[in-house]
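The sequence and the model can be read side by side. The paragraphs below go through the charged pairs, the helix and the nonpolar core in turn.

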Amino acid sequence: MAKAIIEIPTLDMEIPISFTIETGPLGDKHLYLDPFKSDEYPVVPIKKALIEYISTMDTEGKLP
């Protein structure tokens, strides 16, 4: 479990997130972000940005 701090021009939010990265037999990676909800902002853009950020951290070796 992790906490994501979302900074939007009109507000800052802290939401709990959980994700899984699976590596397939050919080395391809699949990232699954568990569902979360936000009443203040649409979830789809947040989810897309989080997936990109987590993927970048994984590529750079910053995840355990």
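Which residue forms a salt bridge with Lys 29? In this predicted model, the partner of Lys 29 is Asp 58, and the closest N and O atoms of the two are 2.9 Å apart. This pair links distant parts of the chain, with Lys 29 in strand E4 and Asp 58 in helix H1, 29 residues apart. Both side chains are partly exposed: Lys 29 has a relative accessible area of 49%, and Asp 58 has one of 22%.

A search of the whole structure finds three salt bridges. Another of them joins Lys 3 and Glu 14, whose closest N and O atoms are 3.5 Å apart. Because Lys 3 lies in strand E1 and Glu 14 in strand E2, this pair ties together parts that are 11 residues apart in sequence. Lys 3 and Glu 14 are both exposed. In a further salt bridge the side chains of Glu 60 and Lys 62 meet, at 3.1 Å from N to O. Here Glu 60 is partly exposed, with a relative accessible area of 48%, while Lys 62 is exposed, at 56%. Side chains of opposite charge can pair when their charged atoms come close.

The elements behind these pairs can now be set in order. The protein has four strands and one helix, and from the N terminus on they run β-β-β-β-α. Its C-alpha atoms fill a box of roughly 40 × 20 × 20 Å along the principal axes. Among contacts between residues at least 6 apart in sequence, 28% join residues at least 24 apart.

Helix H1 has 17 residues. From its first C-alpha to its last it reaches 24 Å, close to the 24 Å expected at 1.5 Å a residue. Which residues of H1 are buried? They include Ile 46, Leu 50 and Ile 54. Seen down the axis of H1, the buried residues fall within an arc of 60 degrees, so they line one face of the helix. On the other side of H1, Val 44, Lys 48 and Thr 59 are exposed. The cover over the buried residues of H1 includes strands E1, E2, E3 and E4. Just after the helix, Gly 61 takes a positive phi of about 75 degrees.

The buried residues of H1 named above also belong to the largest nonpolar core, which has 12 residues. Its other members are Ala 4, Ile 6, Ile 8, Met 13, Ile 15, Ile 17, Leu 31, Leu 33 and Phe 36. The elements that give two or more residues to this core are E1 (2-8), E2 (11-17), E4 (29-33) and H1 (43-59). Ile 46 shows how the helix meets its surroundings: leaving aside residues up to four places away in sequence, Ile 46 touches Ile 6, Met 13, Ile 15, Phe 36 and Tyr 41. In soluble globular proteins, nonpolar side chains tend to be buried together. Over the protein as a whole, buried residues make up 22% of the 64 residues.

Last comes the confidence of the prediction. The protein averages a pLDDT of 90, and 100% of the residues score at least 70. Among the elements, E1 has the lowest mean pLDDT, 88, and strand E3 (residues 19-23) has the highest, 95.

Technical notes
Residues numbered from 1 in each chain as written. Predicted model: local features only at pLDDT ≥ 70, side-chain atom pairs only at ≥ 80, totals over all residues. Heavy atoms only, no water. Core = buried A, V, L, I, M, F, W, Y, C linked by side-chain atoms within 4.5 Å. Buried < 20%, exposed > 50% of the residue type's maximum accessible area, 1.4 Å probe, protein only. Contact = heavy atoms within 4.5 Å. Salt bridge = Lys/Arg side-chain N within 4 Å of Asp/Glu carboxyl O. pLDDT = per-residue confidence, 0-100. Expected span 1.5 Å × (residues − 1). Arc of directions from axis to C-beta.
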